[in-house]
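User: I should like to learn how to read the features of a protein structure, one at a time. Please show me the structure and begin with a single residue.

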Amino acid sequence: MNREESSHEIEQQLSGGYATTKVVRVGTTVRRPPQDSSAFVAELLSLFEAAGFGGAPRYMGSDDQGRETFSYIAGEVPTSVRRFNDKQVSAAARLLRDMHDATRGSSLAGTQEVVCHNDLNVRNVVLQDDIPVAWLDFDMAAPGKAITDVAYLAWGFCISSYWPPARSATEQAAQVRVLADAYGVTSAQRAELVSEVMAHQRRIVALADERSEALANGQDGPPAVADPAFWDGVRDWASRDLEFTAQHAPLFRRALRV
């Protein structure tokens with residue numbers, strides 16, 4: 001990387017992430033301090049590049065300040081939960097399938113099916129002309145089952161207890177079917193999908209409880225999420241969605257039948 005370019009281009013603070021701070025845009029790059037996950041993320045992004053998967057940033061090494069450097073992907077990154085239409089959901093599902101396919105059989109996936117993103121919330125998707133084109137923030141990525149990511153996507157993009165204006169459970173179930181069809185979810189995976197959604201919702205409730213307790217006991221956390229009120233909100237949101245999903249689970253499962 002050109003040292004003069006690194007030293008003199010204007011740095012623009014980027015927001016949106018919960019745990020990673022000091023992320024900046026410099027020209028056509030994004031830079032941040034090294035993370036515990038840095039080595040794995042660098043390998044994963046390099047694997048994507050080698051496989052021809054364009055739906056993720058490119059890893060570009062370190063700048064003259066020792067910061068990790070990635071390519072910048074232009075577009076809109078949502079800042080909060082929103083409703084998505086069928087076209088957007090289908091595009092997100094295909095993007096996820098392409099990402100998973102790039103990792104199948106790789107050394108990074110190991111004995112697992114794929115490498116999962118594990119954090120497919122709306123703050124980690126880039127939209128161009130309102131269509132999902134890339135995933136961001138692979139710090140939680142790890143080998144796992146593809147259905148785990150599909151379930152997270154179904155929750156973040158299709159299922160919600162409180163969208164304004166309200167969308168009926170029947171409409172949401174139909175959209176989960178759209179997602180499953182676009183991804184190519186197998187019959188066996190469809191049988192797991194709704195249970196996986198609820199399992200993830202329970203994990204988020206447990207995480208919120210854990211973080212709230214840690215903060216109450218004076219333990220430090222990432223600066224962006226060191227507010228107990230934030231975790232109270234996360235717990236309430238995930239709990240409401242868990243109750244909603246459980247209530248309508250039979251409807252969701254019927255919509256997924258092939």
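Analyst: Let us begin with D129, which is placed in the loop between β7 and β8. Strands here are DSSP runs of E with at least two residues, helices are runs of H or I with at least four, and both are numbered from the N terminus. This is a predicted model, in which local features need pLDDT of at least 70 and side-chain atom pairs count only at pLDDT 80 or more, while totals for chains, interfaces and linings use all residues. Residues are numbered from 1 along each chain as its sequence is written, and side-chain values use heavy atoms, with hydrogens and water left out.

User: Is D129 buried or exposed?

Analyst: A residue is buried under 20% relative accessible area, exposed over 50% and partly exposed in between, using a 1.4 Å probe and protein chains only. D129 has a relative accessible area of 79%, so it is exposed.

User: What is notable about the phi of D129?

Analyst: Most residues other than glycine have a negative phi. The phi of D129, however, is positive, near 50°, and D129 is not a glycine. N118 is another such case, with a positive phi near 70°. N118 sits in the loop between β6 (114–116) and β7 (125–128). Its relative accessibility is 21%, and therefore N118 counts as partly exposed.

User: How is the confidence of the model to be read, and where does pLDDT stay under 50?

Analyst: pLDDT is the predictor's confidence in each residue, on a scale from 0 to 100. For the protein chain the mean is 90, and 91% of the residues reach 70 or more. Over residues 1–7, pLDDT stays under 50. The model has nine contacts for that stretch beyond four places in sequence, a contact being heavy atoms within 4.5 Å. Where pLDDT is low, the predicted coordinates should not be read in detail.

User: How is the packing of two helices described, and at what angle do α3 and α5 pack?

Analyst: One fits lines to the C-alpha atoms, for helices over the stretch in contact, and takes the angle between the N-to-C directions, from 0 to 180 degrees. Helix α3 (residues 86–103) and helix α5 (residues 169–183) pack at about 35°, and their axes are 8 Å apart. Their crossing is right-handed: the near helix is turned clockwise from the far one by less than a right angle, whereas anticlockwise would be left-handed.

User: Which residues of α3 and α5 meet?

Analyst: Among those in α3 are V89, A93 and L96, and the partners in α5 include V178, L179 and A182. The residues of this contact divide into seven nonpolar, three polar and three charged. Here Ala, Val, Leu, Ile, Met, Phe, Trp, Tyr, Cys and Pro count as nonpolar, Asp, Glu, Lys and Arg as charged, and the others, Gly among them, as polar. Helix α3 also holds K87, which counts as exposed because its relative accessibility is 59%. From C-alpha to C-alpha, K87 and E171 are 14 Å apart in space, although 84 residues separate them in sequence.

User: How many aromatic pairs does the structure hold?

Analyst: There are nine. Rings of Phe, Tyr and Trp (its six-membered ring) pair if their centres lie within 6.5 Å; planes under 30 degrees apart are stacked, those over 60 edge-to-face, and the rest tilted. One pair is W135 with F157, which is edge-to-face at 6.5 Å centre to centre, with 80° between the planes. This pair links distant parts of the chain, since W135 is in strand β8 (residues 131–135) and F157 is in helix α4 (residues 146–157), 22 residues away. W135 counts as buried because its relative accessibility is 0%, and F157 is likewise buried at 0%. In addition, F48, F53 and F138 form one aromatic cluster.

User: Which residues does G27 touch beyond its neighbours up to four places away in sequence?

Analyst: G27 touches E9 and I10. G27 lies in the loop between β2 (24–26) and β3 (29–32) and, with 27% relative accessibility, is therefore partly exposed. The C-alpha atoms of G27 and E192 are separated by 44 Å, with their positions 165 residues apart along the chain.
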